[in-house]
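Me: I'd like a close look at a single helix and how it sits in the rest of the chain. Here is the model I have in mind.

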Amino acid sequence: MAIDPICGMTVDEANPAATSEYKGDTYYFCNPKCKQRFETDPEHYIAAAAAGTHGTMSGVSDEAAAWSAKERANKAVDPVCGMLVDKDSSIKRTIGGRDYYFCMESCARTFEAPEAELKAMKRRMTIAMTGVLLAAILRAGLFVGLAAGASVLSWVPFEKVLPGLNGGVILFLLVTPVQFIGGWGFYSGAYKALAGRRINMDVLIALGTSTAYLYSTVVVFFPSLLPFKETHVYFEVSAVIIAFVLVGKYMEEAIKKRSSAAVRRLMDLQPATARVVRDGAEIEVPAEQVVVGDVVVVRPGEKIPTDGVVVEGHSSIDEKMITGESLPVEKNVDDEVIGATINKVGSLKFRATRVGWDTTLMQIVKMVEEAQASSAPIQRLADTVSAYFVPGVILAALAALIGWTVAGNFTLGLLSFIAVLIISCPCTLGIATPAALAVGVGKGAEMGILIRGGEYLEKAQRLTAVVFDKTGTLTKGEPSLTDVIALDGVGEDQVLAYAAAAELASEHVLGEAIVEAAKSRGLTVEKPEHFEAVPGQGVKVTVDSKRLLLGNRKLLAEAGIEIVRDTRSFGRDKSQRNRGRESDAGPSANAERLLVELETAGKTAMLLAVEGALAGIVAVADTIKDHAAETVAELKAMGVEVIMLTGDNERTAKAIARQAGIERVLANVLPWEKAGAIKSLQAEGKTVSMVGDGINDAPALAQADIGIAIGSGSDVAKETGGIILVRDDVRDVAGSIKLSKATMGKIKQNLFWALFYNTAAIPIAAFGLLNPMIAAAAM
């Protein structure tokens, strides 16, 4: 196998779309357009491929610099192969209200595959329903003819209009497209099942409908082959069964979201353009043209276009979508940045270290695709039942034919054989699961729970473990003020007012939480007269002519302020601390001990100094959601093990786990390791549900037996999950599992009565007591 030096796709050397010779070497391409681009500047693309930047469509800097804004707006990236294409000359598809552009038709077909299958099923269903409707109209016309004096129901003459045309022929013409176009999927499925030595629902449907269709065809066109005179045909039976089952299948598929949508959402996260420094000038280029070694400029509020290392500046980066860390991460020179994360404050310059499919985001894309492809499809309950039901039906039919033939009545044996095969293929069997699923989905919608497929219901009854992501799932996902500790001589409100004033000019999310808390308490927050941010340490401000410092230990240490100070009473919980302050009683403690205790609880603590003296401590944390502990307790009562999985540090993770009542914690798990953690749990024999809300959870949601996505989370998580909780209420996790089990119980009930009704009729048909026409009516 070779690598296309333009888009980085793997190409079969024995069957490439195009090749090019350059300096004695042969280069292979996935399509002719890649070859054309390569031949415009072979040296450049060979060097880019050698540097590992193929697939980024990197152009020369002069070309990029010459681009006008209009030209940049007219470019797009093929989401399948990564090739840069012109919107005007490329292949365009509109999916889900969004336009996508492709370099060639094969890429478009690959991208559209899920929608194409659903459209094909809809066409087959439409053909089947049309045929059934027309057949019903015809049959109603024949009844009218009978009422008008026609002597035989099925043979009202049409010869006066068209010679040789009668009711049976018309039904044959109407039902044949239904049988072989609408029902093609059942024949295909039956063939594959039998080739794999399996029997499934498709075999049952193909057998029953083919029997009704072929027998009716013989009655209409070759009646002399039968040892008796037959006037009834069963074309409608075949058409109705196919139509009912197709409607059921389409109902299920329409409920599901296509898995490729998750990958599309991920691809959309990357910014379209990047600002790079080339030849001393800052220019804007398509993000796909960034190459390893480029210095990229990112301003406040912008997305980081690719992975790299900071070379200049200081900022706070929101990495929640990738790492799951709820609080922004401070970035200084030599720190790594991740593509698709958001620069909150400050301008940065970083050197690109990974581009194209080597970036962290693209690795997550790859993992989602792999997890979706590797998930073994569950054997549907109807298929399991069919594996035993179909052989029994065939044996009963053959026994009836052989038994009556031996008894000297071949005619009754043949009629019994036909009746058994017709009665064994129940319409209700095909609609049982979709009908119950539709009811379950409707009930779930009322509860704010969306179930995307019957397979998730079938897995829910065997669920043994629920894995929760921490940030945004068990916790609120945003920092809030948790503690205000006043030290000697300063009141609690004054500490908070000073801290809020110090952060008023800051754009840091922690500062916003402090300011918001002060305002919610009705405190006056003074505007600072002087503000200075100290990267990685905190802030220095002047308020009411007082010099304030708010930050970490290093900030105060460099200012020569002693951290160890006596405090008022400090207990193990907030209520004890408050009581201690009010009574001014209890053991003395030092600020360092307070800091350690707060940090052990997973909080971010900041020290406040006023005029060179330590005045207080404020702490901010991502707090646990309401009802999280209640939900964990409910799941445990259901016999389900509860586990926390997070990319956060172990100390913070365990602090949240203690509050939620979770014993098992998997911390420091990177996004690309989460799917592996789920695999490990599955290897222990567990049926695992993953509950998450972030982009970093997508691979784990795809890998889990049941992915449950929080509706307030990222679109990627929702597209990947099998169950979506519309409301941001963690109690719905337990509710969704209960609903799944209840719906599965209803599906089993439907299947039981569908099979019981038909199974009970099989012996009657086998003993010759059920005419095929009555069997057809029973359907």
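How many helices and strands are there in the chain, and what can you tell me about helix H7?

Reply: Happy to help! This is a predicted model, where local features need pLDDT of at least 70, side-chain atom pairs count only at pLDDT 80 or more, and totals for chains, interfaces and linings use all residues. Residues are numbered from 1 along each chain as its sequence is written, and side-chain values use heavy atoms, with hydrogens and water left out.

The chain has 29 helices and 30 strands, taken as DSSP runs (H or I, at least four residues, for helices; E, at least two, for strands) numbered from the N terminus. H7 covers residues 184-195; its twelve residues should span 16 Å at 1.5 Å a residue, and the end C-alpha atoms are indeed 16 Å apart. That expected span is 1.5 Å times one less than the number of residues.

Phe186, Gly189, Ala190 and Ala193 are the buried residues of H7, with buried meaning under 20% relative accessible area and exposed over 50% (1.4 Å probe, protein chains only). They share one side of H7, because they cover an arc of only 100° around the axis, taken from the directions from the helix axis to the C-beta atoms. On the other side, Trp184, Tyr191, Lys192 and Ala195 are exposed. After H7 comes Arg197, with a positive phi near 60°.

H7 also gives two or more residues to the largest nonpolar core, a set of buried Ala, Val, Leu, Ile, Met, Phe, Trp, Tyr and Cys residues joined through side-chain atoms within 4.5 Å. H8 supplies the largest share of this core, ten residues.
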